Amino acid sequence: MTTQTSFTLNGKPISTKAPLDIRLVDVLRGEFQLTGTKEGCGEGECGACMVLLNGKPTLSCLVLLGAAKDKDIITIEGLRTTPGFAILSQAFNDAGAVQCGFCTPGMIMTTYALLRDNPTPDDDAIRTAMAGNLCRCTGYTMIVEAVLLAAERRGETW
Amino acid sequence: MVNNHDPHPTTAREACNAKREGATPYAGGTDFMVRHAKAVRTGQCPPLIFLDGVKEFHGISTSENTVRIGALTTMAELSIHADIPQLLSRACNCVGSPALRNIATIGGNVCTASPAGDSLPALYVLNAQVEICSPEGCRLIPVCDFITGPGRTALEADELLSAVILPTTEFNKFYHRKVSPRVANAITKVSLAVAATMKNNRVEGIRIAYGSVGPTIIDCPEIGATCIGLSVAELAANSPELMTMVETTVKPIDDHRSSAQYRRSIAANLLAECIKKVTSTP
């Protein structure tokens, strides 16, 4: 199933000749060298591979390239150049929400979308939104604190 | 099988023809990717049709007597849409995690036909029908007839599920609960969906359906019939008897997620909780 697939990646229109039946996470990490998107479980349980697909948090290990056709995809590298990223990154640092760091890109993607849609989430709303992002180091409390901190600091940044 | 189909069809007819030639339909992909993980890893996927471009499969439209839910409507959309009965919204909001719900579709949940499919007990009690399309046209059948066994449906080789149709409902009381080891990303051990019409403090109509306690959804018409005509007080008084009926109606199995005995007692307890809620709220 080789054909040309076009989509928008981190704001730029791109196209690839990769087969339609390979996973988006593999295209991002392999062909485009965007290795900030991690693969954890490979079956949609852990959230390490989170990207934004048409603005919505999406598990890139559960999406085939064929389903990404004409979509708008943002990875952690795409967020990096935005002012929002500095705030998120600092908040995660300040709250001690990063240990091994493997889950962090996914956590940041989910947090970005959460705060965009709900600028002042409470503890419950944060835990609900982050329910699909697993962390095996921090125990989550610090991650929830990081999100609250980012909410406090973000102003109208995104 | 030779396939010359366009992997991105834009009409239902095109998609059905490709399926007849042997292509596998891909909607949200959340079940497909897990079930075919090995094939995906080794590049051995069957020929696929990505259904996203088929307009007829998208959107929620409300008419006087029905709500038509396009098969590609996501669980996230169903969780918040104003025209979707609260019972179905809540059931769809129990699927996986938020990011999974952003791509998982109602059509996929129905066609996967898992006894643990989270939208299914709600669809059964709301008397949902499914709209099935083929190159020749469309047909409608009740969802309970569409699902013929675990993982099996009434779909023919050239057919695709195009929509779920909900009749406008007169039910005014709903109950839904999913029991699973954690709230997110957990397969249901037992679930119960109930819709009832209460008038003058009496049960005028009721539908009860269980998930994950049998090869398909367990519809409970006998238990429903026993409830009809009962006052709120009588319903509460009959709770132990109704729980016994649940224990004999459900057909759970022992597996790595739960024992049959656990599922049977939880199923009965859920109905007791439902009765308590219905009888304690005005």
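I began with the two domains of chain B in this predicted model, and found 21 residues of domain 1 of chain B in contact with 23 residues of domain 2 of chain B. On the side of domain 1 of chain B that touches domain 2 of chain B, I noted that α5 (86-92), α8 (120-125) and β7 (147-149) of chain B each supply at least two residues, and that α8(B) has the largest share, five residues. Sorting the residues of that side by class, I counted 14 nonpolar, five polar and two charged. For the bounds I took 57-167 for domain 1 and 173-280 for domain 2 of chain B, and I found their C-alpha centres 22 Å apart.

Next I looked up the contact between the chains, to which chain A gives 23 residues and chain B gives 24 residues. On the side of chain A that touches chain B, strand β4 (residues 56-59) of chain A gives the most, with four residues, and by class I recorded eleven nonpolar, six polar and six charged residues on that side.

I then followed β4(A) into its sheet, which is open, has five strands in the order β2-β1-β5-β3-β4 (chain A), and shows mixed pairing. I noted that β2 (12-16) and β4 of chain A are at the edges with a single partner strand each, so one side of each has no neighbour in the sheet. From one strand to the next, I read an average twist of 40°.

Strand β3 (residues 50-53) of chain A runs antiparallel to β4(A) and is joined to β4(A) by four bridges, and I found A:Leu52 opposite A:Pro57 in β4(A). Last, I saw helix α4 (residues 104-117) of chain A lying across β3 and β4 of chain A, at about 35° to β3(A).

Terms used: Residues are numbered from 1 along each chain as its sequence is written. Chains are lettered from A and ligands numbered from 1 in the order in which they are written. This is a predicted model: local features need pLDDT of at least 70, side-chain atom pairs count only at pLDDT 80 or more; totals for chains, interfaces and linings use all residues. Two residues are in contact if their C-beta atoms, placed from the backbone, lie within 7 Å. Ala, Val, Leu, Ile, Met, Phe, Trp, Tyr, Cys and Pro count as nonpolar, Asp, Glu, Lys and Arg as charged, and the others, Gly among them, as polar. Domain bounds come from an automatic or database domain assignment. Two strands pair if DSSP finds at least two bridges between them. Axes are lines fitted to C-alpha atoms, for helices over the stretch in contact, and angles run from 0 to 180 degrees between N-to-C directions.
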